[in-house]
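Got your viewer open? Keep the selection box handy, and we'll go through this one stop at a time.

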Amino acid sequence: MFKFIFRRISIMIPLMLIVSLITFGLSFITNEQPAVAILHAQGVPHITPRLIEETNAKYGFDQPLIVQYWHWLMQAVQLDFGTSYITGDPVVERIGPAFINTFKLTVVSSIAVITVSIVLGVTSALTAGKYTDRIIRSIAFFLTALPSYWVASILIIYFSVKLNLLPTSGLTGIESYILPVTIITMSYAGIYFRNVRSAMIEQLNKDYVLYLKACGVTSSTVLWHVLRNALQVAVSIFCMSVPMIMAGLVVIEHVFAWPGLGQLSLKAILEQDFPVIQAYVLIVAMLFIIFNTLADIINALLNPRLREVDGR
């Protein structure tokens with residue numbers, strides 16, 4: 001198992017370097033020189049060659065690209081993403097609290113999505129072809145098809161404005177999580193439960209299930225074995241749900257004025273605050289790589305045959 005983990009980590013490191021190189025290049029995707037983009041972002045009315053030269057020297061843009069990338073990478077490894085072009089504050093001071101707020105919402109939402117997906121998937125699989133299965137799939141398909149921003153607006157109008165039960169926006173307490181988590185669960189559980197259902201039905205048709213029933217094994221024990229084997233298929237999807245939800249929270253955070261990465265990144269894009277954009281892209285991309293590697297490791301722990309195949 002140690003060799004398997006080592007191989008997965010050895011694959012993860014080059015991917016991280018490639019992602020960091022692409023992220024570093026975000027400063028050069030505009031038609032303007034980086035120094036000119038910075039001065040425009042800071043609202044400088046008259047940009048002179050002297051100002052451009054001073055800005056290049058201040059931010060190191062007068063150095064070769066490989067040197068700039070190396071310095072940026074070494075700072076990023078230490079969680080130093082430079083300073084904001086707009087406020088002049090360290091990026092980590094701006095993105096740190098936002099990351100914590102988004103991560104908390106992501107964790108709570110992921111737990112809700114996984115729980116609902118498993119419950120609906122198991123129920124739908126055990127009643128495959130019956131009315132319960134059809135009703136669950138129909139409702140899930142309908143809710144998944146609805147635009148999340150529209151559903152969020154309807155829930156805010158009803159529960160927050162009319163009934164005055166929940167806050168309309170911001171992060172004021174536990175009650176602030178209810179509406180955003182509900183919207184996220186509706187959007188993702190309707191997709192993920194289908195994977196659980198398919199895996200469950202596939203396992204229920206295996207020969208070992210018939211053998212266990214013939215041996216007089218209790219239904220709960222059979223269900224446990226089926227569920228355990230079925231979740232091996234879904235574990236990758238559930239692991240990837242954390243970075244996927246975090247990356248897709250821009251709309252939800254905007255609707256609910258959630259003080260997280262989505263709000264901060266949207267503001268940074270509008271202001272062309274490239275250090276903040278770079279930090280956001282790098283963090284989300286790294287989370288995808290880390291959780292994908294984690295999914296491989298968990299699958300290998302649940303299914304030793306994967307380690308043998310990888311060893312070949």
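**Stop 1: a loop with a twist**

Select Asn 164, which sits in the loop between helix H7 (148-162) and helix H8 (178-204). Keep in mind that you're looking at a predicted model. Check the backbone here: phi of Asn 164 is near 55°, a positive value in a residue other than glycine. That's worth a look because most residues other than glycine have a negative phi. Is Asn 164 buried or exposed? With a relative accessibility of 62%, Asn 164 counts as exposed, since the cut-off is over 50%.

Now jump to Leu 79, in the loop between helix H4 (65-77) and helix H5 (91-126). Leu 79 isn't a glycine, yet its phi is positive, at about 60°. Its relative accessibility is 55%, so Leu 79 counts as exposed.

**Stop 2: zoom out**

Clear the selection and colour by secondary structure. How many helices and strands does the chain have? You should find 14 helices and zero strands, so the pattern along the sequence is just α repeated: α-α-α-α-α-α-α-α-α-α-α-α-α-α.

Turn the C-alpha trace onto its principal axes, and the chain spans about 85 × 60 × 30 Å. The chain has 312 residues, and 40% of them count as buried. Switch on a surface if you like: the accessible area comes to about 17,200 Å², with 67% of that belonging to carbon and sulfur atoms.

If you have a contact map to hand, look away from the diagonal. Take the contacts between residues at least 6 apart in sequence: 74% of them join residues at least 24 apart.

**Stop 3: colour by charge**

Next, show the charged side chains. There are 20 positive and 17 negative ones in the chain. The centres of those two sets lie 17 Å apart. Side chains of opposite charge can pair when their charged atoms come close. How many salt bridges does the count come to? The answer is four, and we'll visit some of them now.

**Stop 4: a pair within one helix**

Select Arg 50 and Glu 54, both in helix H3 (residues 49-59). The two are four residues apart, or about one turn of the helix. Put a distance label on the pair: their side chains meet in a salt bridge at 3.3 Å, N to O. As for surroundings, Arg 50 counts as exposed at 61% relative accessibility, while Glu 54 counts as partly exposed at 42%.

**Stop 5: the Asp 133 network**

Now centre on Asp 133, in helix H6 (residues 131-145). Its relative accessibility is 0%, so Asp 133 counts as buried. Show what's around it: leaving out residues up to four places away in sequence, Asp 133 touches Ser 124, Thr 127, Ala 128 and Arg 197.

Add Arg 137 to the selection. Arg 137 forms a salt bridge with Asp 133, and the closest N and O atoms are 3.3 Å apart. Both belong to helix H6, and because they are four residues apart, about one helical turn separates them. At 38% relative accessibility, Arg 137 counts as partly exposed.

Then pick up Arg 197, which also forms a salt bridge with Asp 133, this time with the closest N and O atoms 2.9 Å apart. Arg 197 lies in helix H8 and Asp 133 in helix H6, so this pair ties together parts that are 64 residues apart in sequence. Arg 197 counts as buried, at 14% relative accessibility. Keep Asp 133, Arg 137 and Arg 197 on screen together: salt bridges with shared partners join them into one network.

**Stop 6: a nonpolar patch**

For the last stop, turn the surface back on and select Ile 11, Leu 15, Ile 18 and Ile 22. Together these residues make a nonpolar surface patch of about 390 Å². Where is Leu 15? You'll find Leu 15 in helix H1 (residues 2-24). With a relative accessible area of 41%, Leu 15 is partly exposed.

How values were computed: Residues are numbered from 1 along each chain as its sequence is written. This is a predicted model: local features need pLDDT of at least 70, side-chain atom pairs count only at pLDDT 80 or more; totals for chains, interfaces and linings use all residues. Side-chain values use heavy atoms; hydrogens and water are left out. Buried means under 20% relative accessible area, exposed over 50%, partly exposed in between (1.4 Å probe, protein chains only). Contact means heavy atoms within 4.5 Å. Accessible areas come from the Shrake-Rupley method with a 1.4 Å probe; for residues, only the protein chains shown count as cover. Lys and Arg count as positive and Asp and Glu as negative; His and the chain ends are not counted. The place of a charge is taken as NZ of Lys, CZ of Arg, CG of Asp or CD of Glu. Patches are made of residues with over 30% relative accessible area and no salt bridge: like charges are joined within 9 Å, nonpolar side chains (Val, Leu, Ile, Met, Phe, Trp, Tyr) within 5 Å.
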